[in-house]
Amino acid sequence: MSTISRQSGIRERDDYHKGMDAGSFALSVGNHLKYTLAKDRKTATLHDQYWSVANAIRDRLVDRWMATQQAYAAHDVKRVYYLSMEYLPGRTLWASLVNLGLADAFPAAMRLLGFDAEDLIEQEPDAGLGNGGLGRLASCFQDSMATLQLPAMGYGLRYEFGMFRQTIRDGWQVEEPDHWLRLGNPWEITRPERIYPIQFYGRVVPIAGHNGETWRQWIDAQQLLALPSDIPIPGYECNTVNNLRLWAASDTDLFDLDYFQSGDYIRAIERRARGENITKILYPNDKVYAGQELRLRQEFLLASASLQDIIRRYKENHATFDAFADKVAIQINDTHPAIAVAELLRLLVDVEGLDWIRAWDMTVKVFGYTNHTLMPEALEKWPASMLGHVLPRHLEIIYEINHHLLAEVTKRYPGDIDRLRRMSIIEEGHEKQVRMAHLAVVGSHSVNGVSKLHTSLLKSRLFLDFSECYQGRFNAKTNGITPRRWLLACNPDLSALVSSRIGTEWPRHLDHLQRLRPLADDADFRRRWREAKRRNKERLARLIERMCRLRVPVDSLFDIQVKRIHEYKRQLLNILRVIDLYRRMREPSGAPIPARTIVFGGKAAPGYEMAKLIIKLITNVAEVVNRDPALKDRLSVVFLEDYRVSLAEVIIPGADLSEHISTAGMEASGTGNMKFALNGGLIIGTLDGANIEILEEVGADNVFIFGVTAEEAGRTLRGGYEPQAEIDASPRLKAVLDTIAGGYFSPDDRFRFRPIVDQLTTRDPFLVCKDFNSYVACQERVDQTWRDVERWTRMSILNAAGMGKFSTDRTVAEYAGEIWGVKPTPILAEET
C-alpha cells in the first residue's frame, strides 16, 4: 500500500480514479506521476506534477465525456455546432476543478503529496487559441452550453504558436512566438481516425451526369489532411462534458523520399512544412498577399473539416438528408468562417448529389451568423482572383449564389440599380472583391448582433438593404460572460462573501445576485466587501511589482483599461487625460487630487503601426510619471505586457474603476465591462455597446457616463468635423498636445509622436478631441465619489447585483431557443 493510501485511508483496489475526495484524488495524481510519467516525487519537476494533476482531472471527465457523446448519438438529438477561428480559454486546470466540484479537495490533495497548489496552477500556460473578446466569448459559450446541458460541439484550429507573446522593449511592443504547445497539452486527445482531406488550388471542369445533366468537378487540387484533437468541456455541477474539436493541418506525405535519398533534405520536407504552416499561428499578417492567402486557407480548413465531420456524424443515423436541418444547427462566430456557406453547398451538391434548390434551402436553415463588429476592416473581403485561385469551385458557387440573390432583389426592387450594387456579394471595382459578410447574411436564416445598440446599427447602417429585404432575419443577442470563470474561480474572497449571504446557487442562476441590493445598505456587509476588494488589490499590487518593478499604493484608486489596443477603443483618450492629470498634480497650488494607479494592458496587431505607437506613448508617459519624486504614491502608470486570461483573472478582481471608453457606435458589445462590474468595479464609459444595457440594469447613478452618443458621433463625422476647433476651445487639451508635440515624453526624438498629434489635429476619426472635455469632467466626478468611501462601496455592490442579465447562460439559452432549436439533454449519473 502506498504512503498516500495509508494517509488517506483509500485502498488501491477502489475505483480511486473517479473519487472526488482529497485522498482519492491524491492517489490518482501519484499513480499518474509513476505510471504515466515514470517519475517519483523526488525526481518530478513542477511540470511533471502539473501533468499528473491534469491527467487525474481528465480521468474524472472521461466517463462523463463518453457518456455525453453516446447519449447524443443514441437519442439522435439535434446538435449545435459552433465554428470559431478563436477560443481564449485561459488555463483549464482550475476551471475544470471548479466545474467538477473539486476546488476544495484539490489543495488538501496537494498537501498530501507535498505539492504546492498555487505553483501548479501557475505552471499551466494560457492556451494560444485566440486574441481578444471574440475568442473569450466563444470559450464562455462553450462553458455555458455544457452547463445548460445542450448537445453542442465547438470547432476551431489548433494553432501551434497562437498569436504572439508580447514583450515591451524600450517602450515598444515586440512580438515573439507564443510556443504554448512546447511541452505538450495534457487536456487534448488526438483522433487520427477522424482525419479529413482538404483541397486547395486546382481547376474545375464540366462532366456529364447520369441524367444528361452537366456537373462541375474540382480536379488537380493539392490535398492536405485535417487532424483533430479533442478537448473536454465540463459543465458546472452536472454530468455533461461537451467536446471542443481543434484541427491541425498535416500533409499527406511526411516527406519526399526521392529528394531525401538524393541528399536534398530541405526540399524533402518543404511541401510538408508549407502545408502545416496553415495552423502555425493565429491571424497571419494580412497586409501582404501571402498573409491574405494563408488566412483564407486557415478559414477554409476550419470550415471544410468541420462540415465533413458534421455530415459524417449525421449520416451515422440517417440514410438521406431529409432530416438534416432538423438535426443540425451551425453558428458562424463572426465573418471568418463564412466560406462555410459555399463549402456546405459544394459538399451537398458535388459530393452528396443533391440538387441546388434543395441544398440551398438546407444551407440557409442550418446556418446562423453572429456579427461582432461594425469596423470595415473586420468585415473580410477577398480579391475574387485570389479566392478563385485558392478555391476555384467555391468562387463558382459564390457567383451562383450571387446570381440568385440579384435576381431576387431585382424582382422585389425593380430598377433599383444602386441597391443591386450595394447588396451584391461581389464588389465591383478595379479588382473584384468577395464580400464575405454578405455571403454570411444571405446564407443564414438568422443574423444577430451582440447588443441592442449594435443590432440597431447593423439594421440601420451596415446591412440596411438586407434588413429591409429579409424581414425577421435580424435579431439581438446581448453578449454575456460565464460567472464560473469570472467570479467563482477568479475571485474566491468575494465569491465566499456573496455565497455566505445569498446562497450558492448564483453561479448557475446569476439573477440571484439581485439579492445583494438590500445588502448595499448594510454597513457590516459593506465593510466585508471592502476587505475582500483590498485583498484582491494587494494581489494585483504584487503582480505589478513583479512585472514592472514598481510598488503602487494599495489605497490608491486602481483605474484599469485592459483590452486589445485599437484606436476606436481609445486608449489614446485615456493617456491624454493621464498627461492632463500629471500636469495638474504638479501644480503647486492645485487642489488635492486622490491618488491613482492607472493600469494599461493589451496587444496591438503586428501590422497596426498607430496602435503600436500608442503603446509607446503610454510607456513613455509611465516612465516620466513614475520617476517623478513629487508624485510618488500619488500617481502611478503601468503597462502590463502580454495581457491574457490568466492576467485578467488577477487584474479584474482588483479594479476599482474600469475604462470602456470606445467611440460611441463602434464597439459591438464588449464583455470586459461585464467582468469588471461583476467583480464590483465601477465603469466609466460612453453610451456604446453593452454599456447602455449595463446602465439600465445597475442604474444611471452607479456608472460614470460621458461623451457623445452614437447618433451624435455619426452626425459629427458626416458633417465636416474640424477637430482643431475642439482643441482651440479647450486650453487643457491644447496644453496636453503641445506637451507631446514638444518632445516632453520623447526627448531623444521630439517628432516621435508627431503622427498621433497630426491625426488628432487634422482628422480625429475616433473623436478623441470631441470627447476630451466631457471625459475629464467625468473623471473629476469619479474623484469626488471616491472620496466618499461608503458611497463608492454601495455603488460597487449595486454593480455586482445588477449583473444577472449578463451571464452567457442567458445568452446561450436565447440562441438555443430562438435560433438553433436545440434542447437540453441531461446526462444521468448511471450513464457515467
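Let me begin with helix 22, which in this predicted model lies across strand 18 (557-562), strand 19 (596-601) and strand 20, and which runs at about 70° to strand 20. The three strands it crosses belong to an open sheet of six strands, whose order is 20-19-18-21-22-23 and whose pairing is parallel. At the edges of that sheet stand strand 20 (635-640) and strand 23 (704-705), and each has a single partner strand, so one side of each is left without a neighbour in the sheet. Further along the order, strand 21 (residues 657-660) and strand 22 (residues 682-685) run parallel and are joined by four bridges, and if you want a register to check on screen, Ser658 has Ile683 in strand 22 as its bridge partner.

Staying with helix 22 for a moment, which spans residues 523-548, you will find in it both Phe525 and Trp529, four residues apart, or about one turn of the helix. In general, an α-helix has 3.6 residues a turn, so residues three or four places apart point the same way. Both Phe525 and Trp529 are buried.

That brings me to the aromatic rings, for which the count over the model comes to 23 aromatic pairs. One of these is Phe463 with Phe466, an edge-to-face pair with 6.1 Å centre to centre and 80° between the planes, and both of these phenylalanines are buried. How are the rings of Phe525 and Trp529 set relative to each other? Their centres are 5.8 Å apart and their planes stand at 45°, so the pair counts as tilted, since that label covers whatever falls between under 30 degrees for stacked and over 60 for edge-to-face. There is also a cluster, in which Tyr81, Tyr155, Tyr196 and Trp247 are grouped as one aromatic unit.

Two lysines are placed over rings as well. Lys603 lies over the face of Phe164, at 5.1 Å from the ring centre, while Lys675 has its charged end over the ring of Trp486, 5.0 Å from the centre of that ring.

Lys603 also appears in the surroundings of Tyr643, a residue that touches Gln166, Val562, Lys563, Gly601, Gly602, Lys603, Ala648 and Ile651, if we leave aside residues up to four places away in sequence. Tyr643 itself is in the loop between strand 20 and helix 25 (645-651). For those of you thinking about distances, Tyr643 and Glu711 are 68 residues apart in sequence and 33 Å apart in space, taken C-alpha to C-alpha.

Is Thr167 buried or exposed? This residue, which is found in strand 3 (residues 165-169), has 10% relative accessibility and therefore counts as buried, the cut-off being under 20%. With the same exclusion of residues up to four places away in sequence, Thr167 touches Trp172, Gln173, Val174, Glu176 and Glu641.

Now to some antiparallel elements. Strand 7 (residues 203-208) and strand 8 (residues 214-219) pair in the antiparallel sense over six bridges, with Val205 standing opposite Gln217 in strand 8. The two strands form a hairpin with five residues between them, and in the turn Gly212 has a positive phi of about 80°.

There is also an open sheet of three strands, in the order 13-15-14 and with antiparallel pairing, where strand 13 (381-383) and strand 14 (426-427) are the edge strands, each pairing on one side only. Strand 13 pairs with strand 15 (residues 433-435) over three bridges, and Trp382 stands opposite Val434 in strand 15.

Helix 4 (residues 93-100) is mostly covered, with six of its eight residues buried, and these are Leu93, Ser96, Leu97, Val98, Asn99 and Leu100. Just after helix 4 comes Gly101, which takes a positive phi of about 80°.

Let me finish with the chain as a whole, which has 34 helices and 23 strands. Its radius of gyration is 28 Å, close to the 28 Å that the globule rule gives for 832 residues, so the chain is as compact as a globular protein of that length. The C-alpha trace spans about 90 × 85 × 65 Å along its principal axes, and 60% of the 832 residues count as buried. Finally, of the contacts in the chain with a separation of 6 or more, 76% are accounted for by residues 24 or more positions apart.

Terms used: Residues are numbered from 1 along each chain as its sequence is written. This is a predicted model: local features need pLDDT of at least 70, side-chain atom pairs count only at pLDDT 80 or more; totals for chains, interfaces and linings use all residues. Side-chain values use heavy atoms; hydrogens and water are left out. Rings of Phe, Tyr and Trp (its six-membered ring) pair if their centres lie within 6.5 Å; planes under 30 degrees apart count as stacked, over 60 as edge-to-face and the rest as tilted. Buried means under 20% relative accessible area, exposed over 50%, partly exposed in between (1.4 Å probe, protein chains only). A charge sits over a ring if NZ of Lys or CZ of Arg is within 6 Å of the ring centre and within 35 degrees of the ring normal. Two strands pair if DSSP finds at least two bridges between them. Contact means heavy atoms within 4.5 Å. Axes are lines fitted to C-alpha atoms, for helices over the stretch in contact, and angles run from 0 to 180 degrees between N-to-C directions. The radius of gyration is taken over C-alpha atoms; the globule rule is 2.2 Å times the number of residues to the power 0.38.
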